[in-house]
Amino acid sequence: MASAFIINRGTLGLGIRCRRVSGNITFTQIREKKRWMKAYTFYLAKKLKIEGPPPPKPRCQKPNWDYHAEVQAFSSRLHENFSLELLKTAFVNPCYLQSEQERRQKLDMDSETTALVLRDNVQLSTQGLGFTQSFLNDWCRASFPRLPDEGVAAIVDQLTSSVVVCHVAQNLGIEDLTMSAEFPIPENVLYSTFMAVIGVLQGSSGAERAGFFLRDFLVTQLIGKDLFDMWTVVDPMGLLVEEFTQRNIPLPEPRLIRSAGASTALPLHFVGLYSDKKLLAQGPGETVLAAEEEAARVALRHLYGFTESRKPSDYSPPQQHQHHAPQSIMSY
């Protein structure tokens with residue numbers, strides 16, 4: 001009797017049902033899957049392949065959505081003291097107001113009922129964009145004092161480009177709160193919304209907190225970026241000669257240091273730049289001219305202090321911030 005009880009418990013754990021028939025124990029296997037499941041799953045997969053995936057839906061059209069709570073959570077998540085009324089205004093775009101007005105008019109409602117009390121974020125966006133460009137320009141000049149105006153403008157344009165700003169806005173959750181007429185949200189709408197958030201932060205907490213916000217989320221996008229990926233220089237050797245002339249430094253002299261595989265499909269040349277019998281920089285290239293241009297770019301990076309091994313940015317508060325200009329290998 002005990003042995004039969006043990007057998008029954010073990011077989012039930014394996015998904016096998018036991019029956020006692022005329023004193024003998026028989027085993028019946030259970031599939032645990034419905035026979036119609038295979039055909040139904042095959043039908044759904046075929047339908048998805050023919051019709052494609054369903055169109056994306058904004059987060060506000062999904063269940064468990066509380067807009068006021070989400071706006072408060074956005075402010076708390078970023079540890080910033082936003083004005084909630086201004087923050088809600090920052091997420092309202094003109095295209096949303098226009099589409100909502102047209103939708104209400106199609107319902108044959110009177111003008112007083114269809115009127116919206118919401119304001120758009122055009123003014124906040126303009127204010128935030130102006131502050132962002134001004135702050136990034138001042139930050140670049142303080143961090144890279146040897147960089148010319150063209151280089152500063154190139155870095156500011158890179159940090160305020162639509163690709164970078166929209167990438168930051170999506171990762172901060174601004175896309176879910178943006179009120180737009182289209183979904184997925186266009187880049188220009190998401191861009192203006194992010195700038196409106198900057199304008200709200202400046203008006204709520206002051207320029208200092210808004211500067212910290214830009215430093216933490218936009219300036220950090222420079223990590224891993226090369227100077228000449230952002231700043232297109234057609235003639236790096238000519239720019240280097242011009243910089244040396246302005247600084248009264250002996251002009252650079254290119255010399256072929258070494259080369260390999262000159263008669264093969266993959267040649268490699270190294271050109272070094274010398275000034276006053278000192279090696280300033282060297283660069284590789286498939287041709288001597290390409291290696292000379294790369295060496296000029298390396299020398300310009302050292303001259304402007306925008307090297308990969310430069311000192312990390314100082315994120316201390318302004319009153320404790322003591323800026324030290326990056327030292328170049330050419331101390332003239």
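**Warm-up**

In which helix is Leu300 found? Leu300 sits in α15, the helix of residues 288-304. Keep this residue in mind for the last exercise.

Before you start, note that this is a predicted model, in which local features need pLDDT of at least 70, side-chain atom pairs count only at pLDDT 80 or more, and totals for chains, interfaces and linings use all residues. Residues are numbered from 1 along each chain as its sequence is written, and side-chain values use heavy atoms, with hydrogens and water left out.

**Exercise 1. Take stock of the chain: its elements, its buried share and its contacts.**

Step 1. Start with the elements: the chain has 15 helices and five strands. Helices (H or I, at least four residues) and strands (E, at least two) are DSSP runs, numbered from the N terminus.

Step 2. Turn to burial: of the 332 residues in the chain, 35% are buried. Buried means under 20% relative accessible area, exposed over 50%, and partly exposed in between (1.4 Å probe, protein chains only).

Step 3. Finish with contacts, meaning heavy atoms within 4.5 Å. Of the contacts between residues at least 6 apart in sequence, 58% join residues at least 24 apart.

**Exercise 2. Describe how α9 packs against α11.**

Step 1. Two packed helices are described by the angle between their axes and the distance between the axes. Axes are lines fitted to C-alpha atoms, for helices over the stretch in contact, and angles run from 0 to 180 degrees between N-to-C directions.

Step 2. Helix α9 (residues 162-171) meets helix α11 (residues 187-205) at about 70°, and their axes are 9 Å apart. α9 and α11 are therefore roughly perpendicular to each other. The classes are as follows: angles under 35 degrees count as roughly parallel, over 145 as roughly antiparallel, 65 to 115 as roughly perpendicular and the rest as oblique.

Step 3. Now the hand: α9 and α11 cross in a left-handed way. A crossing is left-handed if the near helix is turned anticlockwise from the far one by less than a right angle, and right-handed if clockwise.

Step 4. From α9 the contact takes Ser162, Val165, Cys166, Val168, Ala169 and Gln170, and from α11 Glu187, Leu190, Tyr191, Phe194 and Met195. These residues of the contact of α9 with α11 comprise eight nonpolar, two polar and one charged. Here Ala, Val, Leu, Ile, Met, Phe, Trp, Tyr, Cys and Pro count as nonpolar, Asp, Glu, Lys and Arg as charged, and the others, Gly among them, as polar.

**Exercise 3. Look at the buried side of α9 and at its cysteine.**

Step 1. The buried residues in α9 are Val164, Val165, Cys166, Val168 and Ala169. They pack against α8 (149-159), α10 (174-177), α11 and α12 (207-217). After α9 comes Gly173, with a positive phi near 85°.

Step 2. Cys166 lies in α9, and its relative accessible area of 5% makes Cys166 buried. Outside its neighbours within four places in sequence, Cys166 is in contact with Glu187, Leu190 and Tyr191.

Step 3. Compare two other cysteines: Cys60 is partly exposed at 46% relative accessibility, and Cys95 is partly exposed with 26% relative accessible area. With a disulfide taken as a pair of cysteine sulfur atoms within 2.5 Å, the count comes to zero disulfides.

**Exercise 4. Work out the packing of α7 and α8.**

Step 1. Helix α7 (residues 122-143) and α8 pack at about 135°, with their axes 9 Å apart. That makes α7 oblique to α8, and the crossing is right-handed.

Step 2. α7 brings Gln133, Leu136, Asn137, Cys140 and Arg141 to the contact, while α8 brings Asp149, Val152, Ile155, Val156 and Leu159. By class, the contact of α7 with α8 has six nonpolar, two polar and two charged residues.

**Exercise 5. Return to Leu300 and place it in the packing of α14 and α15.**

Step 1. Helix α14 (residues 236-246) and α15 pack at about 40°, with their axes 8 Å apart. That makes α14 oblique to α15, and their crossing is left-handed.

Step 2. Among the residues of this contact are Pro236, Leu239, Leu240 and Glu243 of α14 and Ala296 and Leu300 of α15. The contact of α14 with α15 has ten nonpolar, no polar and four charged residues.

Step 3. Is Leu300 buried or exposed? Leu300 is buried, at 0% relative accessible area. Not counting residues up to four places away in sequence, Leu300 touches Phe228, Pro236, Leu239, Leu240 and Glu243. Leu300 and Leu240 are 60 residues apart in sequence, yet 6.4 Å apart in space, C-alpha to C-alpha.
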